[in-house]
Amino acid sequence: MDLMLKLNFDTTFHGQSHQSYSGFVVRNAQGQVLGSGMNLVVEGDSRSTIVRIIEMGRARSAIGVYVEN
């Protein structure tokens, strides 16, 4: 039994309405869609990651590239 899941997501910002839109798809190891939706909420308890996201600064740590994106 393969427990791997793959999450694909995308986000865009509409300048005229000043709104952002996001969507996601979750698939299992065989590529079957397990769920999809819009308005993704991500929760975590890594204070350093949360602070970097809030600050939106360029970090030189390993996670900095991901936060910047």
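Q: What is the mean pLDDT of the protein chain in this predicted model?
A: Let's begin with confidence, since this is a predicted model. Of the residues in the protein chain, 72% reach a pLDDT of 70 or more. The mean pLDDT of the protein chain is 76.

Q: Which element of the protein chain has the lowest mean pLDDT?
A: Strand β3 sits at the top among the elements, with a mean pLDDT of 89. Where pLDDT is low, the predicted coordinates should not be read in detail. At the bottom, with a mean of 55, is helix α2, residues 64-68.

Q: In what order do the elements of the protein chain run from the N terminus on?
A: The protein chain has two helices and three strands to place. Starting from the N terminus, the strands come before the helices, giving β-β-β-α-α.

Q: Which strands are the edge strands of the open sheet?
A: The sheet has three strands in the order β1-β2-β3, with antiparallel pairing. An edge strand pairs on one side only, and that picks out β1 (5-14) and β3 (33-38).

Q: By what angle are neighbouring strands of this sheet turned against each other on average?
A: Here the direction of the strands is ignored. On that basis, the average turn between neighbouring strands of the sheet is 10°.

Q: Over how many bridges do β1 and β2 pair?
A: These two strands pair in the antiparallel sense. If you want to find the pairing in the structure, look for Thr-11, which stands opposite Ser-22 in β2. The number of bridges between β1 and β2 is ten.

Q: Which residue takes a positive phi in the hairpin of β1 and β2?
A: Four residues lie between the strands of this hairpin. A positive phi near 55° is found there, and the residue that takes it is His-18.

Q: Is Phe-13 buried or exposed?
A: Phe-13 has its place in strand β1. Leaving out residues up to four places away in sequence, Phe-13 touches His-18, Gln-19 and Ser-20. Its relative accessible area is 53%, and the cut-off for exposed is over 50%, so Phe-13 is exposed.

Q: Which residue is the bridge partner of Arg-27 in β3?
A: Strand β2 (residues 19-28) pairs with β3 in the antiparallel sense over five bridges. One of the bridge partners in β3 is Met-38, which belongs to Gly-23. For Arg-27, the partner in β3 is Val-33.

Q: Which residue in the turn between β2 and β3 has a positive phi?
A: β2 and β3 form a hairpin with four residues between them. The positive phi in this turn is about 90°, and it belongs to Gly-31.

Q: Why does Asn-28 count as buried?
A: Asn-28 is found in strand β2. Not counting residues up to four places away in sequence, Asn-28 touches Met-4, Leu-5 and Leu-34. Buried means under 20% relative accessible area, and Asn-28 counts as buried because its value is 14%.

Q: Which residue has a side chain joined to that of Asn-28 by a polar contact of 2.9 Å?
A: The side chain of Asn-28 also has a polar atom 3.0 Å from the backbone nitrogen of Gln-30. The 2.9 Å contact, in turn, is between two side chains, and the partner of Asn-28 is Gln-32.

Q: How much of the accessible surface of the protein chain belongs to carbon and sulfur atoms?
A: Buried residues make up 7% of the 69 residues in the protein chain. The accessible surface comes to about 6300 Å². The part that belongs to carbon and sulfur atoms is 54%.

How values were computed:
Residues numbered from 1 in each chain as written. Predicted model: local features only at pLDDT ≥ 70, side-chain atom pairs only at ≥ 80, totals over all residues. Heavy atoms only, no water. Pairing = 2+ DSSP bridges. Axes fitted to C-alpha atoms, helices over the stretch in contact; angles between N-to-C directions. Buried < 20%, exposed > 50% of the residue type's maximum accessible area, 1.4 Å probe, protein only. Areas by Shrake-Rupley, 256 points an atom, 1.4 Å probe, with all protein chains shown as cover. Polar contact = N/O pair within 3.5 Å; in protein donor to acceptor, adjacent residues only side chain to side chain. Contact = heavy atoms within 4.5 Å. pLDDT = per-residue confidence, 0-100.
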